[in-house]
Amino acid sequence: PRSTPGPWPAVPSGGAAALHYDGSIRDAIEFFRPHAGGNGRSCATCHRPEDHFALTPKTVEARWQALQQRRQVDPTADDPLFRSIDADDFANDFTTLRTKALVRVTLPLPPNVKRADDAAATTVSVWRAVPTVVNAKFTGPYQNDGREPTLEAQALSAMRSHSEVSGDPATERLTRMAGFQRHLFSSARVKRMSRARDDGMLPPSADAPLGAPPAAAGPRRRP
């Protein structure tokens, strides 16, 4: 497909404007569209274009302050980034998210591992950052432990655990979310490498050509 401009708004230099996207508009729309039957989130709720499709404390705090201002006019104003399922320190305290941009994930414990504070527990909750999806085509398997083999599987897992969808989406939606990520690159050079790989070619070298080796130095003489 021919290159298309990103669907994100104008952002400062170094954000989404510096990236290269050569996928379809329909894939991009799916990445930004709130998940049906969920809690209002989309993939882009946490993977922010102004943060290179990751999430920074600066962005979180700006959204928090904007939300507080809106609530002065409309007490029911909402931002789906702030959801208790994974973003608060309990009791609607979002300090960790606001200061460190970390979200909470719950992982199953291996059968031979017990928690010191609760020996009967079968899961553990940990904090983690929101990773960028730029160049995600090359970084599988996904999650720190590699438990998700494909971008489609990772998207489905995120929809279940972070968007609280009431039912699994159609395969086409997962394909389009993954498609957006497979066509989002950090530079034109990385995009060319991707196309070369798809065509079965050796990727172009990222290094400058080597020059001739320096002439051998003669024996050193004492003065």
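Trainee: Where should I start with helix H7, and which strands do its buried residues pack against?

Mentor: In this predicted model, the buried residues of H7 pack against strand S1 (20-21) and strand S4 (184-185). As a general idea, an α-helix has 3.6 residues a turn, so residues three or four places apart point the same way. In this structure, H7 covers residues 188-198, and its buried residues are Val-190, Lys-191, Ser-194 and Ala-196. Just after the helix, Gly-200 adopts a positive phi of about 75°.

Trainee: How many helices and strands does the protein have, and in what order do the elements run?

Mentor: The protein holds seven helices and four strands, and from the N terminus on the elements follow the order β-α-α-α-α-β-β-α-α-β-α. Of its 223 residues, 38% are buried. Among contacts with a separation of 6 or more, residues 24 or more positions apart account for 55%.

Trainee: How do I read a nonpolar core, and which residues of the largest one touch the most other members?

Mentor: In soluble globular proteins, nonpolar side chains tend to be buried together. Here the largest nonpolar core has 17 residues, and Phe-31, Phe-53, Phe-180 and Leu-184 are those that touch the most other members. Two or more residues of this core come from each of helix H1 (25-32), H2, H5 and helix H6 (171-182). There is also a second, separate core of 14 residues, which includes Cys-46, Leu-55, Leu-81 and Phe-82.

Trainee: Since Cys-46 has come up, how many disulfides does a search of the whole structure find?

Mentor: A disulfide is a covalent bond between the sulfur atoms of two cysteines. The search of the whole structure finds zero of them. Cys-43 takes part in no disulfide, and the nearest cysteine sulfur to its own is that of Cys-46, 9.4 Å away.

Trainee: Why is Cys-46 not bonded to Cys-43, and is Cys-46 buried or exposed?

Mentor: The two are not bonded because the sulfur of Cys-46 lies 9.4 Å from its closest cysteine sulfur, in Cys-43, which is too far for a bond. Cys-46 is buried, with a relative accessible area of 14%, and Cys-43 is buried with a relative accessible area of 14%.

Trainee: How should I think about empty space, and what is the volume of the largest pocket?

Mentor: Rolling a probe the size of a water molecule over the atoms shows where empty space is left. The largest pocket in this model has a volume of about 580 Å³. Its lining comprises 30 residues, of which His-47, Arg-128, Pro-131, Val-133 and Gln-154 lie nearest the centre. Helix H2 (43-46), strand S3 (123-129) and helix H5 (151-161) each contribute at least two residues to that lining, and H5 gives the most, with five. Sorted by class, the lining has 16 nonpolar, 11 polar and three charged residues.

Trainee: What is the volume of the second largest pocket, and which element gives the most to its lining?

Mentor: The second largest pocket has a volume of about 310 Å³. It is lined by 19 residues, and the closest to its centre are Thr-106, Arg-147, Ser-157, Ser-161 and His-162. Strand S2 (102-108) and H5 each supply at least two lining residues, with H5 giving the most, at seven residues. By class, this lining has seven nonpolar, six polar and six charged residues.

Trainee: What should I look for in the backbone of the loops, and where is Phe-90 found?

Mentor: One feature to look for is a positive phi in a residue other than glycine, as in Phe-90, whose phi is near 75°. Phe-90 is found in the loop between helix H3 (57-73) and H4, and at 54% relative accessibility it counts as exposed. Glu-164 likewise has a positive phi, near 55°; it lies in the loop between H5 and H6 and counts as partly exposed at 39% relative accessibility. Another feature is the cis peptide bond that joins Gly-140 and Pro-141, with omega about -5°, where Pro-141 sits in the loop between S3 and H5.

Trainee: Finally, is Thr-96 buried or exposed, and which residues does it touch?

Mentor: Thr-96, in helix H4 (residues 95-100), is buried, because its relative accessible area of 16% falls under the 20% limit. Leaving aside residues up to four places away in sequence, Thr-96 touches Asp-89, Ala-101, Leu-102 and Trp-127.

Notes: Residues are numbered from 1 along each chain as its sequence is written. This is a predicted model: local features need pLDDT of at least 70, side-chain atom pairs count only at pLDDT 80 or more; totals for chains, interfaces and linings use all residues. Side-chain values use heavy atoms; hydrogens and water are left out. On a 1 Å grid over the protein atoms alone, a cavity is a set of points where a 1.4 Å probe fits but cannot get out, and a pocket is an open set with protein on both sides within 12 Å along at least five of seven lines; lining residues have an atom within 4 Å of a point. Grid points are joined across faces, edges and corners, and a volume is the space filled by probe spheres set on the points. Ala, Val, Leu, Ile, Met, Phe, Trp, Tyr, Cys and Pro count as nonpolar, Asp, Glu, Lys and Arg as charged, and the others, Gly among them, as polar. A disulfide is a pair of cysteine sulfur atoms within 2.5 Å. Buried means under 20% relative accessible area, exposed over 50%, partly exposed in between (1.4 Å probe, protein chains only). A nonpolar core is a set of buried Ala, Val, Leu, Ile, Met, Phe, Trp, Tyr and Cys residues joined through side-chain atoms within 4.5 Å. Contact means heavy atoms within 4.5 Å.
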